[in-house]
Amino acid sequence: MQGRLENKVCYVTGAASGIGLACAQRFTNESATVIGSDLHPNPDWNNLINGENAFFELDVRDEKAQQSVTSEIIDRFGRIDTIVTSAGVAGGGPVHSIDLENWQHVQDVNLTGTMLSIKAVLPTMMEQRSGSIVTIASIEGIEGCEGGSTYNASKGGVILLTKNLANDYGRLGIRANAICPGFIKTPMFEATVTLMGERAEKIKEQHKLGRWGEADEIAGAAFFLASDDSSFITGVALPVDGGYTAGHWYGLTTLMGLE
Ligand SMILES: NC(=O)c1ccc[n+]([C@@H]2O[C@H](COP(=O)([O-])OP(=O)(O)OC[C@H]3O[C@@H](n4cnc5c(N)ncnc54)[C@H](O)[C@@H]3O)[C@@H](O)[C@H]2O)c1
């Protein structure tokens with residue numbers, strides 16, 4: 001069956017796992033050609049991704065590697081219509097306890113790595129005079145949360161970087177939007193929730209739909225932003241968070257008889 005991304009070439013970083021992998025799967029299911037990259041190869045990549053695809057081992061902090069992967073994509077597939085920047089790492093703690101090396105690592109991967117990934121594909125998109133840039137930020141880039149300073153600073157940076165891209169490249173037909181996921185069931189989430197222990201339940205409650213998110217729910221938003229259905233949307237930080245950022249939930253409506 002013909003998908004909605006037919007003839008589009010979509011490049012996903014952090015594509016070996018979690019949200020990036022779900023985006024790659026959704027894009028091929030919509031008939032796109034999908035290129036993935038990640039620090040570590042996913043040995044199952046070809047089984048997990050149905051259609052025409054390619055995978056590169058890449059550290060998003062390595063500018064030269066970014067440029068050479070982009071050149072290879074252009075040589076093999078001729079264009080890049082969408083980039084999704086999903087490569088990322090967790091990290092945090094209250095500021096007085098921050099380890100500078102960890103702080104630097106998180107900023108380097110999450111913020112600088114995102115910028116370098118986009119920098120590498122921009123000349124192609126500028127030449128095409130079209131493209132959709134989708135960054136994976138976080139609800140924690142929109143609002144603060146306990147103990148999250150390192151990660152939150154990096155994701156706040158990703159959101160503003162995305163808005164600046166929308167400002168700078170809109171007239172060239174290039175759109176840029178950030179997705180801000182709530183807590184999504186992926187390997188990164190498993191590690192974070194294990195650290196939180198029973199306190200994780202309180203975080204789950206703040207998702208007003210009363211559950212954690214699934215990676216393919218983020219992929220659905222990425223698909224929308226990659227597709228022409230979002231052709232007049234740029235510069236947006238879109239929460240896909242089950243209502244986490246809609247307000248605070250204390251259970252008062254239960255007292256008021258709303259079960
Ligand atoms: N899972 C969540 O609850 C959640 C919430 C908000 C935002 N996010 C963001 O979504 C993105 C994907 O996270 P996920 O939950 O799928 O986690 P994940 O750990 O499953 O996937 C992240 C991927 O990034 C790759 N990566 C890490 N460092 C890299 C580097 N230097 N170069 C290249 N690749 C690198 C990892 O190898 C991994 O495959 C991240 O940017 C994360 O911050 C996740």
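This talk covers the ligand shell, three helix packings and a handful of single residues in a predicted model.

Ground rules first. Numbering starts from 1 along each chain, as its sequence is written. Because the model is predicted, local features need pLDDT of at least 70, side-chain atom pairs count only at pLDDT 80 or more, and totals for chains, interfaces and linings use all residues.

Helices and strands are DSSP runs numbered from the N terminus: H or I with at least four residues for helices, E with at least two for strands.

Start with the ligand. Its shell holds 28 residues, and those that come nearest are Gly 14, Gly 18, Gly 88, Thr 186 and Met 188. Near here means a C-beta atom, placed from the backbone, within 6 Å of the molecule or strand. Which helices supply at least two shell residues each? Helix 1 (18-29), helix 4 (100-128) and helix 6 (187-196) do. By class, the shell has 15 nonpolar, 10 polar and three charged residues. On classes: Ala, Val, Leu, Ile, Met, Phe, Trp, Tyr, Cys and Pro are nonpolar; Asp, Glu, Lys and Arg are charged; the others, Gly among them, are polar.

Now helix packing. Axes are lines fitted to C-alpha atoms, for helices over the stretch in contact, and angles run from 0 to 180 degrees between N-to-C directions. Angles under 35 degrees count as roughly parallel, over 145 as roughly antiparallel, 65 to 115 as roughly perpendicular, and the rest as oblique. For handedness, a crossing is left-handed if the near helix is turned anticlockwise from the far one by less than a right angle, and right-handed if clockwise. Contact means C-beta atoms, placed from the backbone, within 7 Å.

Take helix 4 with helix 5 (residues 149-169). Their axes come within 9 Å and cross at roughly 15 degrees. Helix 4 and helix 5 are therefore roughly parallel. The crossing is right-handed. Helix 4 brings residues including Trp 103, Leu 111 and Ile 118, and helix 5 residues including Tyr 151, Val 158 and Leu 165. This contact has nine nonpolar, seven polar and one charged residue.

Next, helix 1 with helix 8 (residues 215-226). The angle is about 55 degrees, with the axes 8 Å apart. So helix 1 is oblique to helix 8. Helix 1 passes helix 8 in a right-handed crossing. Gly 18 of helix 1 takes part in this contact, and Gly 18 is also one of the residues that come nearest to the ligand. Across from helix 1, helix 8 offers residues including Ala 215, Ile 218 and Phe 223. The tally here is 10 nonpolar, three polar and two charged.

The last pair is helix 3 (residues 63-77) with helix 4. The axes are 9 Å apart, at about 35 degrees. That crossing is right-handed. Glu 63, Gln 66, Gln 67, Thr 70 and Ile 74 meet Leu 116, Ser 117, Ala 120, Val 121 and Thr 124. The split is four nonpolar, five polar and one charged.

On to single residues. For burial, count other C-beta atoms, placed from the backbone, within 10 Å of a residue's own: 20 or more is buried, 12 or fewer is exposed, in between is partly exposed.

Phe 189 sits in helix 6. Is Phe 189 buried or exposed? Buried, because 20 C-beta neighbours fall inside 10 Å. Beyond four places in sequence, Phe 189 touches Phe 183 and Ile 184.

Ala 90 lies in the loop between strand 4 (82-85) and helix 4. Ala 90 is partly exposed, because 17 other C-beta atoms lie within 10 Å. Leaving out residues up to four places away, Ala 90 touches Tyr 151, Met 188, Ala 191 and Thr 192. Ala 90 and Thr 192 are 102 residues apart in sequence, yet 8.1 Å apart in space, C-alpha to C-alpha.

Gly 173 is in the loop between helix 5 and strand 6 (174-181). Its contacts, neighbours within four places aside, are Arg 129 and Ser 130.

Finally, backbone angles. Most residues other than glycine have a negative phi. Asn 7 has a positive one, near 70 degrees. Asn 7 comes in the segment before strand 1 (9-13), and is exposed, with 9 other C-beta atoms within 10 Å. Ser 31 also has a positive phi, near 75 degrees. Ser 31 is in the loop between helix 1 and strand 2 (33-38).

Technical notes. Two residues are in contact if their C-beta atoms, placed from the backbone, lie within 7 Å.
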